[in-house]
Amino acid sequence: MIRLMKAEALKLVTIRSTYALLLMTAIGTAGIGVAVALAPHNHGIQRLLFPPRGTPAWYDLVFSALALAEDFALVLGVIIMTGEFRHKTATPTFLAEPRRGRVVAAKLIVSLGAGVVVMAAAAFAALVLGLCFVAAGYGGVGEMAGRLGQALPGYLVATVLFGTYGIGLGAILKNQVLALVVGLGLTAVVEPIIVAAWPTVGRWFPSEAARSLETGSSLSRSGFGGGLSHLLPSWEGALVLIAYALALSIVGSMTTLRTDIT
Amino acid sequence: MPTASVEVRHLTKRFGSVTAVDDLSFTVEAGRVTGFLGPNGAGKTTTLRMLLGLITPTSGQALVNGVSYPSLIEPVRAVGAVLESSGFHPGRSARSHLRIIATATGVETSRVDEVLDLVGLTKDAQRRVGGYSMGMRQRLELARALLGEPAVLVLDEPANGLDPQGIAWLRSLLRYLASAGMLVFISSHLLAEAAQTVDEVVILNHGRLAAQGRLSELLAEAGATIRLRSTEPERLVASLSARGIGARREGADQVVAESTTPERVGAVVAEDRIVILEMTSSGESLEDLFFSMTAGGALPARELAQT
């Protein structure tokens, strides 16, 4: 099992797309952070909703850009699993380890580590951005770093678990494009609609479960952005994500991944 | 170490309503090169993939060293496989590709450089596989197959994409490995090439076993084609046919007798006192044997012309 995990990690570090994805995570996080920070909020109702620049609440909002890492971890998870079929490396992989369930297990474990690295890229970008804002005169270093430190654990757990969710989606769908469309489509389109219509149902969906983990920030708890009182407790949200990852991976291993490799 | 073996028992695979492999049984032995021959769609690749645990048989068993592939303790150290449509990540170097497999199977990294050298890819090892020619990919596949120093080598159309030098190199490599005691099982549709490489053949047609045995014995059994010139071609054909030897007229005074031996034809001619002006014998080639074994695999020219 250790060998398989090492091999899976090696697969990630020996292709350039992994590094490109990390770079995109960092750039994307910084970009969203800047967009949020510089959003116009000097007039109308936004003045009431938007915290003044440099305040802890404002930094919470800026660092909500870290949520982007979840999507990238999802993409990476899907790629780790479905890349085997896209590039037909499933043949050498399953020749080396014919017990396919073990390969999926190794991928799940390695995706946890990959999630940490994705989060590290996002966190680095957030830190640099925060330092820039401090340098520009918005708040102190201590406050900024404090808010970042408080936000990180929740986003980290959500990101790591979203990576395993991506493995599960990949295991059950096998097709890379399909898995990406389903994964991102659910997160970006379907789930928000369900959450808006039935919050108590929506909270059991993956991205809402992830949101329950992001609420380290006081801002989220305060109800900015549509009210989050429907969310599950953080630990329950984590368990829901773990359940998704395991259920999809196990069902995928017993169904789609069992099929003939031709 | 027990001798390596490949054994297929009543193997059947259906894809929907199509029966790709039909109650197939054969064994392959170590120390020789065995060719797995058959027309396109005969079920060769399906059989090899069942042998390697990549395709689940509908019924029957495909065994390597007496057990199914997934039951092998260290499959990569028991069997090396070169398969068509086995893939590489285009952005990964050949060396990384092999290192991954070596890591997954506990093979020492030093072996990676050994096999790269063996297949002549050392110079290009750090290059990304996306830029490789088909022949280089085929060599890389072979390198991967040899990584675990297996006693069984299964190759599906290994000559694909290789240039003439590459094919000659592959032939000598396979012959060398077989002489060293390895079991080499190789599918091919290049009959002329296979004829030079293999000791034994397993011929498949429509998913069924058409023939198996030593190539030299099968060829001897199949007999030769005898061409004769006679003053009485009509009577010669009748005499041969009367004794069960397939014969036909060709041209003004020629007779062609098939699947027989010069001895038998000579005996008939002497007995019936027929004057012979010329007689030549040509042994069956693997190609003749293949076509006679797999007749019906393709539409005869006459039917093709009608469709």
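**View 1. A buried salt bridge in chain A, D60(A) with R147(A).** In this predicted model, both partners, D60(A) and R147(A), are buried. They form a salt bridge, with the closest N and O atoms 2.9 Å apart. The pair ties together distant parts of the chain: D60(A) sits in helix 4 (residues 56-63) of chain A, R147(A) sits in helix 8 of chain A, and 87 residues separate them. If you are wondering how common such pairs are here, a search of the whole structure turns up 31 salt bridges over all chains.

**View 2. Helix 13 of chain A and what covers it.** Helix 13 takes in residues 234-254 of chain A, 21 residues in total. From first C-alpha to last it reaches 30 Å, close to the 30 Å expected at 1.5 Å a residue. Look for its buried residues, among them G237(A), A238(A), V240(A), L241(A) and A245(A). Further along the list of buried residues come L248(A), S249(A), G252(A) and S253(A). An α-helix has 3.6 residues a turn, so residues three or four places apart point the same way. What lies over the buried residues of helix 13 includes helix 7 (100-135), helix 8 (141-173) and helix 11 (206-214) of chain A.

**View 3. T29(A) and its neighbours.** T29(A) belongs to helix 2 (residues 16-37) of chain A. T29(A) counts as buried because its relative accessibility is 2%, and buried means under 20%. Its side chain reaches the backbone oxygen of T25(A) at 2.6 Å. Leaving aside residues up to four places away in sequence, T29(A) touches A65(A), L66(A), L68(A), A122(A) and A125(A).

**View 4. A salt-bridge network in chain A.** Four side chains are worth picking out here: E8(A), K11(A), E84(A) and K107(A) are linked in a network of salt bridges.

**View 5. Where chain B meets chain A.** The contact draws 34 residues from chain B and 25 residues from chain A. About 2600 Å² is buried between the two chains, and carbon and sulfur atoms give 60% of that area. The count of salt bridges between chain B and chain A is 2. In one of them R3(A) pairs with E74(B), the closest N and O atoms being 3.5 Å apart. Polar contacts across the interface come to 13 residue pairs, both residues at pLDDT 80 or more. On the side of chain B that touches chain A, the elements giving two or more residues are strand 1 (5-15), helix 2 (75-78) and helix 3 (94-105) of chain B. Helix 3 of chain B supplies the largest share of that side, 8 residues. By type, the residues of chain B that touch chain A split into 15 nonpolar, 12 polar and 7 charged.

**View 6. D113(B) and R95(B), a salt bridge between two helices of chain B.** The side chains of D113(B) and R95(B) meet in a salt bridge at 2.9 Å, N to O. D113(B) is in helix 4 (residues 109-118) of chain B and R95(B) is in helix 3 of chain B, 18 residues apart. D113(B) counts as partly exposed because its relative accessibility is 36%.

**View 7. D272(B) and R243(B), a salt bridge between two loops.** Here too the side chains meet in a salt bridge, with D272(B) and R243(B) at 2.9 Å, N to O. D272(B) lies in the loop between helix 10 (262-271) and strand 13 (276-283) of chain B. R243(B) lies in the loop between helix 9 (233-242) and strand 11 (247-250) of chain B, 29 residues away. R243(B) counts as partly exposed, at 30% relative accessibility.

**View 8. Positive phi in two loop residues of chain B.** The loop between helix 10 and strand 13 of chain B also holds R273(B). R273(B) is not a glycine, yet its phi is positive, about 55°. R273(B) counts as exposed because its relative accessible area is 71%. E149(B), in the loop between helix 5 (134-146) and strand 6 (152-156) of chain B, is another non-glycine residue with a positive phi, near 45°. At 55% relative accessibility, E149(B) counts as exposed.

**View 9. Chain B as the setting for the close-ups above.** Chain B has 12 helices and 13 strands, and its C-alpha trace spans about 75 × 45 × 40 Å along the principal axes. Of its 307 residues, 50% are buried. Among contacts in chain B with a separation of 6 or more, 69% come from residues 24 or more positions apart.

Methods. Residues numbered from 1 in each chain as written. Chains lettered and ligands numbered in written order. Predicted model: local features only at pLDDT ≥ 70, side-chain atom pairs only at ≥ 80, totals over all residues. Heavy atoms only, no water. Helix = DSSP H or I, 4+ residues; strand = E, 2+ residues; numbered from the N terminus. Expected span 1.5 Å × (residues − 1). Buried < 20%, exposed > 50% of the residue type's maximum accessible area, 1.4 Å probe, protein only. Contact = heavy atoms within 4.5 Å. Buried area = accessible area lost by both parts, 1.4 Å probe. Polar contact = N/O pair within 3.5 Å; in protein donor to acceptor, adjacent residues only side chain to side chain. Nonpolar A, V, L, I, M, F, W, Y, C, P; charged D, E, K, R; others polar.
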